[in-house]
Amino acid sequence: MKIRILMASLLVGLGSFGVVANAAKTTPLATPYRASQLTSLKKIKKLAGGKTVTLDLVLKPRNSAQLTQTALAVNTPGNSAFKDFLTPQTFRQRFGQSTSTTQRLTNYFKKQHLTVTTFNDGLFMELKGSASAVDKTFATNLKTARYHGTRLQYSAKQPRLPKTIAQPIEAIVGMTNLVKMTSLATDGTSTDGPTKNGAPQNFLTQYHATAVADQHQGRGQTVGIISFSKVDTRDITHFWSAEGVPAGANRLSVAATGGANVWGNVDPGNTETSLDVEQAGALAPQAKIRVYTAALSDVGWINAFASAFGENRASSLSLSWGISEGILQEMNSAHLLTPLYGNIMNTLLAQGATQGISTFAATGDSGAYSEDLSRDGSVGYGIYTNFPADDPWVTATGGTTLPISGQLPDGAKVDISQERTWGGDALFGAYRQDRSFFMRSSDLLSMLQSGSGGGISTLFATPKYQQGISGVNTYAARQYLTGNGLPRLHPELIQGTGNGRNYPDVVADADPLTGYDVYTGADGWETMGGTSFVAPQFAAVAADINSDRSQRVGLWNPQLYSLAQSADSPFTRLDSSTANSNLYYVGQPGKTYNQAAGLGTVNFDKLAQEFK
């Protein structure tokens with residue numbers, strides 16, 4: 001299954017603390033959009049006063065300059081603070097707003113007839129109430145309109161609050177929302193039941209994880225799953241039972257973390273959640289699984305992570321959803337999105353790192369390409385990274401293709417002799433044999449255009465643990481797709497440099513051709529692929545490794561990049577510049593890192609022994 005692209009409802013924040021110079025009774029909260037600059041608005045209406053609006057207040061972190069230092073220090077061997085992980089309470093004491101501040105805000109907003117929920121970190125507060133109460137509280141004028149065919153909620157007036165109330169607030173999330181959600185899910189191949197090749201335990205064998213998994217099985221650990229689709233426990237327990245995995249009565253739990261459904265969302269069903277939980281539960285069979293669900297919105301996104309980090313129950317966390325940096329850039333330039341979006345989520349993910357939570361995020365299934373949004377509302381593709389897999393506080397998990405040999409129904413041969421980065425160019429040989437067969441099949445064309453997400457972020461700087469690693473911020477590439485998405489059979493090698501967070505960090509099998517079993521009541525048994533599988537698989541192995549330790553491993557990345565340079569590295573590099581691409585980036589022979597396969601595949605038993 002391909003990673004979903006989440007077009008969140010838009011953040012209204014303080015792009016540059018727009019405080020009025022004179023002593024005013026209220027302070028305007030500078031919005032990233034200007035109503036006068038929103039072109040093509042149609043069917044403008046006032047938002048019904050009784051409509052429920054859900055907002056998140058984002059509070060200014062204290063000692064923010066020390067947050068990055070702390071997150072790195074507690075996860076870097078040799079640092080005096082190594083493994084000195086924070087609890088949610090100590091995180092709040094050092095970086096969040098005080099209880100007296102949040103209580104003062106709570107008292108104020110309750111008087112405005114809004115319900116208030118404060119998260120444990122002292123950085124986020126959820127407000128919920130009627131549109132009329134929100135308008136009165138923030139001096140706004142909430143309206144709805146059609147914006148390039150999509151329903152938009154926005155305020156025609158700039159939000160304002162009393163100066164003493166506004167002072168600790170960095171952003172308001174959810175005041176404005178626009179949804180451009182695109183599901184990139186592909187259909188699986190139906191099977192009669194569990195298959196030998198699709199068993200999740202094959203992951204353990206392929207990547208030398210059987211010792212650590214069999215011995216410890218995630219005992220005493222909880223794997224967290226962040227998801228925006230439904231949880232069907234019957235599907236999950238049926239899968240576990242058929243695969244011979246324990247499904248204890250109290251093993252699976254769900255935390256509904258709030259947020260409001262945003263207009264235009266398509267119900268994504270339960271497949272994404274099912275496959276994430278099925279895989280994680282199978283590879284860490286004694287671990288508990290906790291699913292943090294939320295509405296498909298920016299408020300839901302924040303609430304899910306803030307809830308998981310606030311509970312601090314999960315030692316590892318998996319996310320198989322994302323949003324293209326291309327969409328973030330376009331919506332910011334169109335005055336529809338605050339630049340604080342990345343900063344807000346980066347602070348939240350840094351919190352998880354300070355607490356020693358290992359967070360894994362899928363990189364996406366369209367190779368180096370991801371969505372962008374033009375001014376006319378149309379969606380295209382360009383060379384973009386996916387957020388939050390490109391965030392420095394998560395371990396980004398990309399995909400590979402395993403060796404496979406066989407024939408397609410038309411007789412065209414497929415022969416992949418060794419593991420390589422997952423990219424549709426692996427099928428170009430078969431495409432050359434019978435182009436018309438591929439052109440008649442939308443599924444085959446989709447496979448030609450699929451691959452592991454990877455690249456160089458323009459949103460985040462190169463983190464310290466990547467600096468000085470050979471291959472980081474240099475790249476080799478081949479333009480495997482033409483402008484209309486068809487194969488370019490003999491692309492030339494391109495070499496260049498960049499600057500930013502490079503991702504993925506690690507890779508494992510994600511090609512649907514060599515994929516895994518999935519079960520849902522709606523579709524039955526299928527064999528599917530995608531980097532959506534890899535994130536929960538890594539989170540499960542993290543639980544297996546943690547179960548043998550008195551302390552969590554924490555954020556993997558500082559240790560991964562250090563170990564990758566050792567003489568006895570636990571990584572197998574996929575660094576060939578031919579037959580090894582994510583449809584754009586290829587390997588850099590002899591270098592430690594490349595944007596197609598990151599550091600490479602992992603020998604988990606060796607990694608577990610070398611982790612400090």
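The following exchange between a trainee and a mentor works through a predicted model of one protein chain.

Trainee: What percentage of the residues in the chain is buried?
Mentor: The chain has 612 residues, and its secondary structure comprises 18 helices and 36 strands. Since a residue counts as buried when its relative accessible area is under 20%, the share that meets this cut-off can be stated for the whole chain, and it is 63%.

Trainee: How much area does the chain expose, and what part of it do carbon and sulfur atoms supply?
Mentor: The exposed area of the chain comes to about 22100 Å². Of that area, the part supplied by carbon and sulfur atoms is 47%.

Trainee: Among contacts with a separation of 6 or more, what share joins residues 24 or more positions apart?
Mentor: A contact here requires heavy atoms within 4.5 Å, and the count is restricted to pairs with a separation of 6 or more. Within that set, the share from residues 24 or more positions apart is 78%.

Trainee: Which element gives the largest share of the lining of the second largest pocket?
Mentor: The second largest pocket has a volume of about 480 Å³, and among its 24 lining residues those closest to the centre are Arg420, Ala426, Thr578, Ala579 and Asn580. Two elements give two or more residues to this lining, namely strand S25 (413-416) and helix H13 (428-433). The largest share, five residues, comes from H13.

Trainee: How do the lining residues of the second largest pocket divide into nonpolar, polar and charged?
Mentor: Tyrosine is counted with the nonpolar residues and glycine with the polar ones, which should be kept in mind when the classes are read. With that convention, the lining of the second largest pocket divides into nine nonpolar, seven polar and eight charged.

Trainee: In the open sheet S29-S28-S35, which residue is the bridge partner of Ala477?
Mentor: This open sheet has three strands with antiparallel pairing, and its edge strands, each pairing on one side only, are S29 (493-497) and S35 (585-586). Strand S28, residues 474-478, is joined to S35 by two bridges. The partner of Ala477 in S35 is Tyr585.

Trainee: Which residue stands opposite Tyr516 in S33?
Mentor: The strands S13, S33 and S32 form an open antiparallel sheet in that order, with S13 (189-190) and S32 (516-520) as the edge strands. Five bridges join S32 to S33, which covers residues 524-528. Opposite Tyr516 in S33 stands Met528.

Trainee: Why can strand S11 be called largely enclosed, and which of its residues stands opposite Leu57?
Mentor: Strand S11, residues 169-173, is largely enclosed by the rest of the structure because five of its five residues are buried. Strand S5, residues 52-59, pairs with S11 in the antiparallel sense over four bridges. Opposite Leu57, the residue in S11 is Ile172.

Trainee: Where is the cis bond that ends at Pro388, and which residue precedes the proline in the cis bond to Pro504?
Mentor: The bond from Phe387 to Pro388 is cis, with omega near 10 degrees, and Pro388 is found in the loop between strand S22 (386-387) and strand S23 (395-401). Pro504 lies in the loop between strand S30 (502-503) and strand S31 (506-509). Its cis bond has an omega of about 10 degrees, and the preceding residue is Tyr503.

Trainee: Is Lys83 buried or exposed?
Mentor: Lys83 is not a glycine and yet has a positive phi of about 70 degrees, and its place is in the loop between helix H1 (64-73) and helix H2 (88-95). Because its relative accessibility is 10%, Lys83 counts as buried.

Trainee: What is the relative accessible area of Ala139?
Mentor: Ala139, also not a glycine, has a positive phi of about 55 degrees, and it lies in the loop between helix H4 (131-138) and strand S8 (142-147). Ala139 is partly exposed, and its relative accessible area is 32%.

Trainee: How far apart in space are Ala209 and Val541?
Mentor: Ala209 lies in the loop between helix H6 (201-206) and helix H7 (210-216), and at 0% relative accessibility it counts as buried. Leaving aside residues up to four places away in sequence, Ala209 touches Leu204, Phe604 and Asp605. Ala209 and Val541 are 332 residues apart in sequence, while their C-alpha to C-alpha distance is 7.7 Å.

Methods: Residues are numbered from 1 along each chain as its sequence is written. This is a predicted model: local features need pLDDT of at least 70, side-chain atom pairs count only at pLDDT 80 or more; totals for chains, interfaces and linings use all residues. Side-chain values use heavy atoms; hydrogens and water are left out. Buried means under 20% relative accessible area, exposed over 50%, partly exposed in between (1.4 Å probe, protein chains only). Accessible areas come from the Shrake-Rupley method with a 1.4 Å probe; for residues, only the protein chains shown count as cover. On a 1 Å grid over the protein atoms alone, a cavity is a set of points where a 1.4 Å probe fits but cannot get out, and a pocket is an open set with protein on both sides within 12 Å along at least five of seven lines; lining residues have an atom within 4 Å of a point. Grid points are joined across faces, edges and corners, and a volume is the space filled by probe spheres set on the points. Two strands pair if DSSP finds at least two bridges between them.
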